[in-house]
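This report describes the overall build of one protein chain and then a small set of its loop residues. Please consult the sequence and the model shown below while reading.

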Amino acid sequence: MLCHGLAAGGRQFDADAGHFAGQGYRVLVPDLRGHGQSSTPTTRLPGDFAIATMADDMAAMLDHAGIDQVHWVGNSLGGIVALDLVGRQPQRFASLALFGTAFALKLPPGLGGVFPALYRVLGRNLLARVTAANTTRHTPARPLIADMARAFDPHVGAAITAHVRRYDLHDNALNYTGPVLVLVGGRDTAVNLALRPSLQRHTPRPNWTIVELPEAGHCANLDASEAWRTALTGFWNASALTAA
């Protein structure tokens, strides 16, 4: 399961899905609600974009696909959704891998309003280019990031941000006894402000693996693809040996 971040979509993992499928894995690449080809709730209720609601969507998708367990790989929002679900339904996870994801955030209120304001002031095209340039230094990855940002609904961004600006999922991560991989992008400076102190407090843990990707930014699969794929494959192989 390759689960994307906020304002992205399953397209973030197109190349990776092909790579891992070629290695014999069955690969699921969902679009979270309000992203990509997934629909957006018309009710606009406060809980429509709650973390637990999006996690329940993913659980329902796994049920529909007839899948009991997955190796979940979550980027940013996709990791936050996984951290919620692993606390409630840990049996669904053969392993959990996170990148660009903090275990807790405490950001100021009103942050969600930034999304519509930026789209309104800068316009979709300029904002998409700025987002891509700030997300990765890897120039070939920028057109895809820009395209996903251009297509994103800023009101969805505001609704999701209202929930993810303040959460604490440390206990869910710590209580999960299965294999955990945390990929730390050396250039993902904003997330690392929240992530690194958590890692210092909670590691070493016997079921956790921490891998530093010095050249990776927030979307490590796009700007440090080879290192990212190698780390995941090694982690899954080690997890399989441990389980055996």
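## Loop residues and overall build

His35 lies in the loop between helix H1 (14–22) and helix H2 (51–65); helices (H or I, at least four residues) and strands (E, at least two) are DSSP runs numbered from the N terminus. The model is a predicted one, in which local features need pLDDT of at least 70 and side-chain atom pairs count only at pLDDT 80 or more, while totals for chains, interfaces and linings use all residues. Residues are numbered from 1 along each chain as its sequence is written, and side-chain values use heavy atoms, with hydrogens and water left out.

His35 is buried, at a relative accessible area of 1%. Buried stands for under 20% relative accessible area, exposed for over 50%, and partly exposed for values in between (1.4 Å probe, protein chains only). The side chain of His35 reaches the backbone nitrogen of Ala7 at 3.1 Å. Not counting residues up to four places away in sequence, His35 touches several residues, among them His4, Ala7, Leu77, Phe152 and Ile160; contact means heavy atoms within 4.5 Å.

Gly36 also has its place in the loop between H1 and H2, but Gly36 is exposed. With neighbours within four places in sequence left aside, Gly36 is in contact with Ala8 and Asp31. The C-alpha atoms of Gly36 and Ala151 are separated by 7.9 Å, although the two residues stand 115 residues apart along the chain.

Ala7, the partner of the His35 side chain, is located in the loop between strand S1 (2–3) and H1. Its phi is near 70°, a positive value in a residue other than glycine. Ser76, in the loop between strand S2 (70–75) and helix H3 (77–88), has a positive phi near 55° and is likewise not a glycine.

| Residue | Relative accessible area | Class |
|---|---|---|
| His35 | 1% | buried |
| Gly36 | 59% | exposed |
| Ala7 | 16% | buried |
| Ser76 | 15% | buried |

Across the whole chain, the secondary structure comes to 11 helices and seven strands. The radius of gyration is 17 Å, close to the 18 Å that the globule rule gives for 244 residues, so the chain is as compact as a globular protein of that length. This radius is taken over C-alpha atoms, and the rule is 2.2 Å times the number of residues to the power 0.38. Of the 244 residues, 50% count as buried. Among contacts with a separation of 6 or more, 75% come from residues 24 or more positions apart.

How values were computed:
A polar contact is a pair of N or O atoms within 3.5 Å; within protein, one must be able to donate a hydrogen and the other to accept it, and residues adjacent in sequence count only if both atoms are side-chain atoms.
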